[in-house]
Each structure stands twice: as C-alpha cells, then as structure tokens.
Amino acid sequence: MSLNLQTYTEHFTNPLYLESGRILEPYDITYETYGTLNDDKSNVVVVCHALTGSHHAAGVYEDETKNGWWDGLIGSKKAIDTDKYFVICSNVIGSCFGSTGPMSMQHPHLEPYRYKFPVVSIKDMVKAQRILFDRLDIHRVHAIVGGSMGGMQALQFAVHYPNFANKIIALATTHATQPWAIAFNKVAQESILNDPDFKQGYYDPEILKEQGLSGMAVGRMAGHISFLSHESMRTKFGRDYKLTDGLYELFGKFQVESYLEYNGYNFTKWFDPLAYLYITKAINIYDLARGFDSLAESLKRINADLHLISFKNDLLFKNFEMQEIADELKKNGNKNYSYIDIDSDYGHDAFLVELEKFDNYIKDALNG
C-alpha cells in the first residue's frame with residue numbers, strides 16, 4: 001500500500017485563547033496525513049514535530065526529492081505502519097510552513113504580524129491541534145508520538161487532554177527546559193537580533209530566501225553543536241581537513257567547520273528568523289508543572305500509557321531529565337508507563353538518525 005500522502009490547510013475564525021491571555025484570530029493550521037482512516041476512527045496516530053520540523057514528516061512531494069523528516073519511521077511496514085494507522089502531522093502555530101506565524105498577514109491588515117504576533121507556548125500549540133482534530137471529527141486517538149519539541153507536545157497532550165490519546169510516546173525531551181538548552185537558544189536569538197540584515201524584524205523575506213541571514217547561520221551552528229556529541233563528531237569528522245584547503249591558510253577549514261557552515265547558512269534560506277525567535281521562546285518557557293503545585297501533581301493527570309525514550313549521550317536534553325519523569329510516575333504509583341534509555345553516542349539528533357535503535361520499541365508500544 002502507498003503512503004497516501006495528502007496536505008491540507010484548515011482556516012479557523014473562532015479566537016484561540018492563548019496561555020498568555022492574548023488571542024489569536026483568525027488562524028490557519030497546515031497538516032499532512034498518511035494512510036487511511038478506518039470507519040470508527042480508532043487508528044489515528046498523531047506525530048508532533050520538533051523546532052525546525054514541519055507537517056511534512058514522511059514521503060516525498062512530486063516536485064521535490066527531500067523525504068519527510070521521519071520518513072524512516074512512517075510508512076508501509078515501518079514502525080508507524082501506514083497500512084494500519086492513519087497518521088496526522090500538523091505544523092505548529094508560530095512556525096513558517098503554512099500554519100499562522102509571525103510572518104502571516106495580520107487580519108484585517110495586509111501586513112505581516114512580525115513583532116505583533118503573540119508569544120505562543122507549547123501548550124498553545126497543542127490546544128490549536130486539539131481544535132483541528134475536533135474540526136476533523138477526531139475526538140480520541142490511538143497514539144501521539146514526538147521527539148524533542150515534539151516530545152514536549154506529546155507530554156503536554158498527556159497532561160492537559162488526559163482522555164484524548166490511548167498512548168503517548170515521547171523521545172529525547174524533558175519536563176521543563178533547563179538552563180543548558182536555554183543558553184544555546186540565547187546564542188541563536190542574539191545572533192539573529194544583532195544581524196543588521198535582520199533589520200530589527202522588518203526584513204524582506206524574499207531577500208532572505210536568496211541571501212540567507214549570516215547571524216542566524218551562526219546561531220544555528222551553535223544549535224548543531226548541541227544536537228551532536230563529542231563522540232559523534234569524532235566519528236563523523238575526526239580531525240579531517242578539507243582537501244582543497246591548506247593547513248596553514250588562516251581560513252582553511254576542518255571538515256567539522258565546513259559542515260557547520262554549510263548547515264548553518266543553508267538553513268537560513270528556508271527557515272524564517274522571526275519564527276525561530278518565537279519557537280525558541282516557546283521551548284524556553286515550556287514547563288509541564290506550570291499551573292500545578294509540582295511536576296508530580298501535573299503527572300497525576302495522565303491516563304494514557306506513557307512511553308519515555310531518552311538517549312545516553314543527548315547533550316541538549318540529558319537522559320536524567322526523562323528519568324525524573326519516570327521517577328515521579330513511579331512515586332505516584334503509576335503502572336502505565338515505561339522508560340528506556342537508548343545506548344547511543346550520537347547525541348540529541350539520534351531520534352532523527354539512529355531509528356534502528358528504537359523503531360521496534362515504537363512498533364511494540366503502538367501495537368501493544
């Protein structure tokens with residue numbers, strides 16, 4: 001059976017009441033589906049994307065060659081089997097791939113929001129998705145799966161919509177963003193804000209698509225360092241030097257430098273800098289315990305089977321952050337959870353790269 005890839009955008013005119021007290025209206029959510037919805041709508045699996053991800057989680061568009069970001073996990077006979085499940089992945093509000101974000105037109109004006117866009121939280125992103133699913137007449141789902149910021153969304157679903165999903169699978173994430181991750185985001189934010197081409201938020205997006213934004217590229221390089229690890233960099237690059245560069249040229253480069261440059265500068269041509277600022281803000285303020293007396297109190301609300309997956313050498317969200325969730329669940333007497341720490345040297349991006357280390361675990365969690 002084919003992936004049956006379909007992309008849609010839903011328009012909402014009712015106000016979305018945000019955690020900050022602000023209102024977003026109207027707003028759009030772009031989403032993608034794979035597989036076929038069964039008659040009683042019991043086979044829905046929601047996939048949540050990370051910071052720079054999008055609704056395009058699997059398959060390939062007709063006019064492109066790049067696969068969706070979790071293509072190795074979603075599809076016929078894969079861990080999230082589209083012969084069996086109907087998979088939905090939506091672009092979060094605040095992003096730049098079709099859902100309403102800071103460069104969307106502010107109604108009724110024909111000008112982008114830019115800084116007038118309200119700060120959105122992970123909880124707001126999840127609330128908007130829940131409203132989308134209501135529109136689609138989907139009121140309960142089989143599972144919600146996500147890694148990194150996607151894992152934050154999955155956990156937020158578990159706490160705030162306890163009867164919505166049967167299973168929650170969260171990878172490479174945390175219960176509250178810690179200073180280490182906030183610090184890396186700060187480097188990226190400052191790099192963007194201090195680039196003269198950013199024009200204090202009043203840049204022309206078409207020019208950036210052509211030229212990129214060097215400040216954002218530098219910030220993204222810092223991000224890439226946090227996504228990898230000492231071991232994975234040594235394995236991937238060693239001390240190899242660019243063959244075309246002289247060792248004693250001042251601007252001659254090691255392979256690792258070349259990699260960071262390529263990924264940093266390339267990234268700025270397809271990801272909007274204001275969206276980056278807003279989403280990193282949402283990540284920084286994320287805390288499952290907000291609104292509760294403690295993390296333990298928030299976790300008591302969870303009814304779904306919860307599957308937690310961390311990665312041993314994740315520098316961005318350390319494995320002990322996931323262990324803290326498991327410990328609180330154990331103290332609460334919750335029997336419906338599992339926690340596994342994957343043996344990996346890759347770093348944070350293992351959840352996108354080393355699929356063979358956990359795909360069977362996800363398959364078993366979904367089918368169990």
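A residue counts as partly exposed when its relative accessible area lies between the buried limit, under 20%, and the exposed limit, over 50%. The model discussed here is predicted.

Helix α8 covers residues 273–285, 13 residues in total. From the first C-alpha to the last, α8 reaches 19 Å, close to the 18 Å expected at 1.5 Å a residue. At its start, a side-chain oxygen of Asp-272 comes to within 3.2 Å of the backbone nitrogen of Leu-274.

Most of α8 is covered, with 11 of its 13 residues buried. The buried stretch begins with Pro-273, Leu-274, Ala-275, Tyr-276, Leu-277, Tyr-278, Ile-279 and Thr-280, and Ala-282, Ile-283 and Asn-284 are buried too. Several other helices help to cover these residues: α1 (122–135), α2 (149–160), α3 (179–193), α4 (205–211), α5 (214–227) and α7 (255–267) are included in the covering.

The cysteines are the next topic. A disulfide is a covalent bond between the sulfur atoms of two cysteines. With a cut-off of 2.5 Å between cysteine sulfur atoms, the count of disulfides is zero. Cys-48 is in no disulfide, and the nearest cysteine sulfur, that of Cys-89, is 7.2 Å away. Cys-48 is also buried, at a relative accessible area of 1%.

Why is the sulfur of Cys-96 not in a bond with the closest cysteine sulfur? The closest cysteine sulfur, in Cys-89, is 14 Å from that of Cys-96, which is too far for a bond. Cys-96 has 28% relative accessibility and therefore counts as partly exposed, whereas Cys-48 is buried.

Definitions and conventions:
Residues are numbered from 1 along each chain as its sequence is written. This is a predicted model: local features need pLDDT of at least 70, side-chain atom pairs count only at pLDDT 80 or more; totals for chains, interfaces and linings use all residues. Side-chain values use heavy atoms; hydrogens and water are left out. Helices (H or I, at least four residues) and strands (E, at least two) are DSSP runs, numbered from the N terminus. The expected span of a helix is 1.5 Å times one less than its number of residues. Buried means under 20% relative accessible area, exposed over 50%, partly exposed in between (1.4 Å probe, protein chains only). Contact means heavy atoms within 4.5 Å. A polar contact is a pair of N or O atoms within 3.5 Å; within protein, one must be able to donate a hydrogen and the other to accept it, and residues adjacent in sequence count only if both atoms are side-chain atoms.
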